[in-house]
Amino acid sequence: MRKDCAGNGPPSDMELMKEKFAKLLLGEDMSGGGTGVSSALALSNAITNLAASVFGEQRRLEPMPEERKARWRKEVDWLLSVSDHIVEFVPSQQVSGDGKSMEIMITQQRKDLRMNIPALRKLDAMLIEYLDNFKQKNEFWYVSRDADESEKGNVQRTDDKWWLPTVRVPPGGLSEASRKWIQHQKELVNQVLKAAMAINANVLMEMEIPEDYIESLPKNGRSSLGETLYKNITDEDFDAETFLASVDLSTEHKILDLKNRIEASVVIWKRKMNNKDAKSTWGSAISSAISMEKREQFEDRAETILLILKHRFPGIPQSALDISKIQDNKDVGYSILESYSRILESLAFTVMSRIEDVLHADSVTRDQSLEGSKSRPSVADSEPTAGVATPLDPAEEIDKLNNMEANNSMTLSDFMGWQFDMDTQTKKEDEDGKLVKQPPSIVVANNKLSNLEKLETWEA
């Protein structure tokens, strides 16, 4: 175990913070040789690694240990504190000693950080609170993967997550009250997932595309997509759902490969349109207008496909373009927003999957005919995509989440009639007084919308 400066025990919070920020300043190069990564990437990696060490693989629906929760809140606060010093100049009125009013420039935290960091903190608190709600579960339990077949019962894992424990429910399944409560928790977590996805997508959209990524692209969209995909996207009678139905999406690798190809083609088409705008002459205006119109149409189709994929498969890994943007990004503010929203999106998706485990076990137990004849439902099946998906609006998703909580704030104990020690409940409220349920407004950066628009202010 490491010692503090005096060698009298474990390191203090001050020593831990000094060590963490020293690594950030050195860009993860502890030799001091100057071969470390940028400050933005070092901070992004630090937030990602902290989340991985605290949350890990959330294998069960149960509260996080208090020690891990305390560590998460303390260390993520340290890392997010960097955003307090990312500022911009704004005009302000100042009254001098003789009563004259003058306009001066003052500094304040950058607007996107000032609005989005509190929102992400609220989503963070909500997820931890939803896990805490499962403290009093007694209608489902877990058996280890090494347990006897008799202990595992009728519900066997048929997906690739073989290492996860098996969920068991009573012979008759969950009670109606418990089933409704778990469904409600699923809806709440799903709204957190959507809000985190929306923030992450908009931050990534604002990041610049690295030159290295652009140089690695083929010369045209046809080469990137391949002949078959290109013909389908450019077909006169194009339909996004029909296109996806014709593509093999049976594995995560194939979904990611399709996303990489389509994103690359979108970048190629956009660059060609921008270059033609800059170089077009009077003589070539008419001919170029026709090709540009087609490229815009193909780009819209490709982005529609990407949007449906994101809605339908929220848990797929990041694309080559996203990874390239994160690694090359030099904006520390963007790195904080992207990494924080990404780890919350990942945690929300994991919790959703664990809830699906319980609901699937309940479904199989209640209807034995489902055993062996129906595969385990996925998170993407919770809200089937009908028609063309629409972009997620972070403020709208959080508004839905707030309304859902306001309309139904009952806990599992309320459903099941359990009683708690009032002193314990009061103490929890005192300790977690800052964890309010109403998140503040969100400002998202979006090239197609007004930049950094303030949507609505929620009172914390």
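Buried means under 20% relative accessible area, exposed means over 50%, and partly exposed is what falls in between, worked out with a 1.4 Å probe and protein chains only. Keep that handy for the whole tour.

You're looking at a predicted model, where local features need pLDDT of at least 70, side-chain atom pairs count only at pLDDT 80 or more, and totals for chains, interfaces and linings use all residues. Residues are numbered from 1 along each chain as its sequence is written, and side-chain values use heavy atoms, with hydrogens and water left out.

**Stop 1: a loop with a twist**

Select glutamate 28, in the loop between helix H1 (13-25) and helix H2 (39-55). Helices here are DSSP runs of H or I with at least four residues, strands are E runs with at least two, and both are numbered from the N terminus. Glutamate 28 isn't a glycine, yet its phi is positive, at about 65 degrees. With 40% relative accessibility, glutamate 28 counts as partly exposed.

**Stop 2: from a loop to helix H4**

Now pick glutamate 62, in the loop between H2 and H3. Its relative accessible area is 33%, so glutamate 62 is partly exposed. Add aspartate 132 to your selection: the C-alpha atoms of these two are separated by 6.6 Å, although the residues are 70 apart along the chain.

Keep aspartate 132 and select lysine 69. What do aspartate 132 and lysine 69 form? They form a salt bridge, with the closest N and O atoms 3.1 Å apart. The term means a side-chain nitrogen of Lys or Arg within 4 Å of a carboxyl oxygen of Asp or Glu. Aspartate 132 sits in helix H4 and lysine 69 in helix H3 (residues 66-80), so the pair ties together parts that are 63 residues apart in sequence. Are aspartate 132 and lysine 69 buried or exposed? Both are buried.

While you're on H4, click leucine 120, which also belongs to that helix. Leucine 120 has 0% relative accessibility, so it counts as buried. Show serine 341 too: its C-alpha atom and that of leucine 120 are separated by 6.7 Å, with their positions 221 residues apart along the chain.

**Stop 3: further salt bridges**

By the salt bridge rule, the count comes to 21. Side chains of opposite charge can pair when their charged atoms come close.

Select arginine 110 and aspartate 331, whose side chains meet in a salt bridge at 3.2 Å, N to O. This pair links distant parts of the chain, 221 residues apart: arginine 110 is in the loop between strand E2 (101-109) and H4, while aspartate 331 is in the loop between helix H13 (320-328) and helix H14 (332-366). Arginine 110 is buried, with a relative accessible area of 16%, whereas aspartate 331 is partly exposed at 24%.

Next, try arginine 312 and glutamate 241, a salt bridge with its closest N and O atoms 2.8 Å apart. Arginine 312 lies in helix H12 (residues 285-312) and glutamate 241 in helix H10 (residues 240-245), so the pair ties together parts that are 71 residues apart in sequence. Arginine 312 is partly exposed at 21%, and glutamate 241 is partly exposed at 24%.

To finish this stop, select Glu176, Arg179, Asp362 and Arg366, which are linked in a network of salt bridges.

**Stop 4: aromatic rings**

How many aromatic pairs does a search of the whole structure find? It finds seven. Rings of Phe, Tyr and Trp (its six-membered ring) pair if their centres lie within 6.5 Å; planes under 30 degrees apart are stacked, over 60 edge-to-face, and the rest tilted.

Show phenylalanine 134 and tryptophan 181, an edge-to-face pair at 5.0 Å centre to centre with 70 degrees between the planes. Phenylalanine 134 is in the loop between helix H4 (111-132) and strand E3 (141-143) and tryptophan 181 in helix H6 (residues 176-206), so the pair ties together parts 47 residues apart in sequence. Phenylalanine 134 is buried at 1% relative accessible area, and tryptophan 181 is buried at 0%.

Then add phenylalanine 140 and tyrosine 142, another edge-to-face pair: 6.1 Å centre to centre, 80 degrees between the planes. Phenylalanine 140 and tyrosine 142 are buried as well. Phe134, Phe140, Tyr142 and Trp181 form one aromatic cluster.
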